[in-house]
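Student: Could we go through this entry by asking, for each label, what value stands behind it? I would like every conclusion set against its cut-off.

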Amino acid sequence: MSGVYAACLLVSTACLVLLDMRFALVFRRRPVASTVALIVGVVFFAAWDAVGIGLGVFRHLDSRWATGILLAPEFPIEELLFLIFLTYLTLILLSGLQRWRERKDSR
């Protein structure tokens, strides 16, 4: 069962990409700004995790669902995939909300 969590994160992120492409919410609308926002968000949350790891708040526990691949001490690859998913989902939700408000105001 190793890698199931990473696979789920990848499939979920792929679904976000399909949603984004279909409705032009993030990357099709503003590719450069979206790339910068995604990178800044992931770096911010990775730094947040690093502080938490340094303080002993966050720990990596072995799981049969995880790959066991650590990018840094206490920082599994699944965490990076989750941060990408979380940031991308947030960008899609904010873009969708903005588009909904614009459509509502134009009526």
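Student: Where along the chain is the place of Pro73?

Tutor: In this predicted model, Pro73 has its place in the loop between β1 and β2, the latter covering residues 75–76.

Student: What makes Pro73 count as exposed rather than buried?

Tutor: The relative accessible area of Pro73 is 66%, and the label exposed applies over 50%, so Pro73 is called exposed. As for its distance to Ser63, which is 10 residues apart from Pro73 along the chain, the two C-alpha atoms are separated by 16 Å.

Student: Glu74 lies in the loop between β1 and β2 as well; why is Glu74 called partly exposed?

Tutor: Its relative accessibility is 33%, and the middle class runs between the 20% limit for buried and the 50% limit for exposed, so Glu74 counts as partly exposed. Glu74 also has a positive phi, about 65 degrees, although it is not a glycine.

Student: Where does Ala24 lie, and why is Ala24 called buried?

Tutor: Ala24 lies in the loop between α1 and α2, and it has a positive phi of about 50 degrees without being a glycine. Its relative accessible area is 18%, and buried means under 20%, so the label buried follows for Ala24.

Student: What makes Leu9 a buried residue, and which residues is Leu9 in contact with beyond its neighbours within four places in sequence?

Tutor: Leu9, a residue of helix α1, has a relative accessible area of 7%, and because the limit for buried is under 20%, Leu9 is placed in that class. Once the neighbours within four places in sequence are left aside, Leu9 is in contact with Glu78, Leu81 and Phe82. The C-alpha atoms of Leu9 and Phe23, which are 14 residues apart along the chain, are separated by 21 Å.

Student: How many salt bridges does a search of the whole structure find, and what makes the pair of Glu102 and Arg29 a salt bridge?

Tutor: The search finds one salt bridge. In the pair formed by Glu102 and Arg29, the closest N and O atoms are 3.8 Å apart, and since the criterion asks for a side-chain nitrogen of Lys or Arg within 4 Å of a carboxyl oxygen of Asp or Glu, the pair is called a salt bridge because its distance satisfies that limit. This pair links distant parts of the chain, with Glu102 in helix α3 (residues 77–106) and Arg29 in the loop between α1 (4–23) and α2, 73 residues apart.

Student: Are Glu102 and Arg29 buried or exposed, or in between?

Tutor: Glu102 has a relative accessible area of 41% and Arg29 one of 35%, and because both values fall between 20% and 50%, each residue is called partly exposed.

Student: How do you know that the structure holds zero disulfides?

Tutor: The sulfur of Cys8 has its closest cysteine sulfur in Cys15, at 11 Å, and a disulfide needs two cysteine sulfur atoms within 2.5 Å, so that separation is too far for a bond. Seen from Cys15, the closest cysteine sulfur is that of Cys8, again at 11 Å, and the structure accordingly holds zero disulfides. As to accessibility, Cys8 at 42% counts as partly exposed, and so does Cys15 at 46%.

Student: Which residues form the nonpolar patch on the surface, and what is known about Phe58?

Tutor: Phe44, Trp48, Val51, Leu55, Val57 and Phe58 form the patch, with about 660 Å² of accessible area together. Phe58 has its place in the loop between α2 (31–54) and β1 (70–72). Its relative accessible area is 32%, and patch members need over 30%, so Phe58 passes that limit while being called partly exposed.

Student: What pattern does the protein chain follow, and why is the protein chain called more spread out than a compact globule?

Tutor: Read along the sequence, the protein chain follows the pattern α-α-β-β-α, with three helices and two strands. Its radius of gyration is 16 Å, whereas the globule rule gives 13 Å for 107 residues, so the protein chain is more spread out than a compact globule. The C-alpha trace spans about 55 × 30 × 20 Å along its principal axes, and 26% of the 107 residues count as buried.

Notes:
Residues are numbered from 1 along each chain as its sequence is written. This is a predicted model: local features need pLDDT of at least 70, side-chain atom pairs count only at pLDDT 80 or more; totals for chains, interfaces and linings use all residues. Side-chain values use heavy atoms; hydrogens and water are left out. Patches are made of residues with over 30% relative accessible area and no salt bridge: like charges are joined within 9 Å, nonpolar side chains (Val, Leu, Ile, Met, Phe, Trp, Tyr) within 5 Å. Accessible areas come from the Shrake-Rupley method with a 1.4 Å probe; for residues, only the protein chains shown count as cover. Helices (H or I, at least four residues) and strands (E, at least two) are DSSP runs, numbered from the N terminus. Buried means under 20% relative accessible area, exposed over 50%, partly exposed in between (1.4 Å probe, protein chains only). The radius of gyration is taken over C-alpha atoms; the globule rule is 2.2 Å times the number of residues to the power 0.38. Contact means heavy atoms within 4.5 Å.
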